[in-house]
Amino acid sequence: MFDVLVIGGGVIGASVLRELSKYDLKICLLEKESDVCMGASRANSGVVHAGFDAAEGTLKAKFNVEGNLMMEGICKELGVKYKKNGSLVVAFSDEDLNTLQSLKARGEANGVGELEIISAEELRELEPNLSDEAVGALYAKTGGIVCPYELTISLIGNAMDNGAVLYTDFEAVSAKKEKGAFTVTASDGRQVQGKIVVNCAGLYSGKVAEFFGDDSIKIGARKGEYILLDRECAGFVTRTLFFTPTKLGKGVLVLPTVDNNILLGPTAEEMDIPDTETTQEGLNWVIEKAKKMCKNIPFYNTITSFAGIRAYSDRHDFIVEKSPKVEGLINCAGIESPGLTSAPAIAKYVVNGLIGALLPLNKNVEFNPYRRPDYFFKNLTDEEKNQIIKKDPTYGRIICRCEQITEGEIICACTENPRATTVDGVKRRTRAGMGRCQGGFCQPYVAEIIAKCNNLPLTEVTKSGKKSNLLQGVSK
Ligand SMILES: Cc1cc2nc3c(=O)[nH]c(=O)nc-3n(C[C@H](O)[C@H](O)[C@H](O)COP(=O)(O)OP(=O)(O)OC[C@H]3O[C@@H](n4cnc5c(N)ncnc54)[C@H](O)[C@@H]3O)c2cc1C
């Protein structure tokens, strides 16, 4: 019997799990996919928003500002890449300039520091590739960027190192409560028991709440498509560039990633049946808008496109509350943007505010907040690398040529918490396959290492779980 079951291994479930692991509790994360971080937390802009966007008094505004302040410290503890690169909301007309004044006032009311309206000249000095049509901007110096999957995986890994249990391929499909405890059943019949359940199921949080007996949550899906440019474009822009929001929407962002790629997007398309396909129409829209923001975008350096799905609620704010219908169920639902930024603050509130009122929270005296960075090897000096290679020659063998990832690092990804069992899982943990050739050279070698580490035949290695097997009909 667990004290707390967390359903959903996205950044919200991951943050709640890690916060829980600071206490002397038996905790377990249930994830329906074969790996963690397969939902919205995998495919988003990675912006640590400053907090001027959400209306004063909303949970979005509160958790955004608090989360922004917490993010740097958490990333330091976990060895996750984070950059306080600053955000610019760019104006292209007098009307936009007026809107910037309201955004600044809203930000100040929300408690955001270091907000400044800057002129076209100052703007061009900061970002020389910005369009000549730009007339000014709101500069938010506290805006940042983070790698969303590195953060999510590290939060879960750190929680597991501190005693949390993870069940993957566990799609929770039903629940019943008896004698003060929930029994949650998976689609394959497995069962697990817990006194409290935290529903962090993203797009499916409405469905999960419903099978617990709470029909109060309605979730909609909105797709966002992106284009990613190669690291060769590093420095094309250094801050996160937003359009000034209008009645027609927010337009696209042009921004660097923490790994020095350039990201363009997202679109915003309502969907009845969620899918993460990219479309010609969506990508053309991104190109058209990005060209309005910046000149000379090196589109020839495009290496991939991808899409993520926002899960929004009909309340148009985050839902972070005790279920009004089921005692012991806590819902974290409708966590659209700025959910990534807000995750640390949401987790603190869920654990200290909501779970603390239901269970005694005694400190886990052995809690270790630190974790070795996923990309530790790359950042070592040649001397340090040679020492490691002498002890373990697998670190001397480069598997991913584009990103210079070694066999040793891939073995680590397959053996350390939370273990990668798929090619995409290795990719998110090591960056093997994230480079210019997008895995064209290294994928077979990565698959072989996964097979070896997990004691699997090569035919059972998948790209991303379920039936995405890489090979068919191979006898070895
Ligand atoms: C296009 C886009 C851009 C965004 N940009 C930003 C940004 O720049 N900054 C920012 O702060 N936020 C941003 N966001 C928002 C942010 O990504 C989300 O708020 C956040 O990732 C939500 O995390 P989550 O854990 O709630 O959901 P998810 O990451 O979707 O996780 C939910 C998990 O639950 C699992 N699950 C579902 N049902 C079950 C079940 N029955 N049993 C077990 N497991 C289940 C899923 O498989 C999934 O892993 C963006 C979102 C999108 C889509």
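The following exchange asks how some descriptions of this predicted model are justified.

Biologist: What should I know about the numbering and the confidence limits?

Modeller: Residues are numbered from 1 along each chain as its sequence is written. The model is predicted, and local features need pLDDT of at least 70, side-chain atom pairs count only at pLDDT 80 or more, and totals for chains, interfaces and linings use all residues.

Biologist: Why does the radius of gyration of the protein agree with that of a compact globule?

Modeller: The radius is taken over C-alpha atoms, and the globule rule is 2.2 Å times the number of residues to the power 0.38; for 476 residues this gives a value near 23 Å, and the protein has 22 Å, which agrees.

Biologist: What makes a set of residues a nonpolar core?

Modeller: Such a core consists of buried Ala, Val, Leu, Ile, Met, Phe, Trp, Tyr and Cys residues joined through C-beta atoms within 7 Å, where buried means that 20 or more other C-beta atoms lie within 10 Å of the residue's own, with C-beta atoms placed from the backbone. The largest one here has 124 residues, with Val 90 and Val 350 making the most contacts inside it.

Biologist: Why is this core said to lie between domains 1 and 2?

Modeller: Domain bounds come from an automatic or database domain assignment, and because domain 1 (1-83 + 145-218 + 314-373) and domain 2 (87-141 + 221-308) both give residues to the core, it lies between them.

Biologist: Which residues come nearest to the ligand?

Modeller: Of the 41 residues around the ligand (C-beta atom, placed from the backbone, within 6 Å of it), Gly 10, Gly 39, Gly 202, Gly 224 and Gly 339 come nearest.

Conventions
Buried ≥ 20, exposed ≤ 12 C-beta atoms within 10 Å, placed from the backbone.
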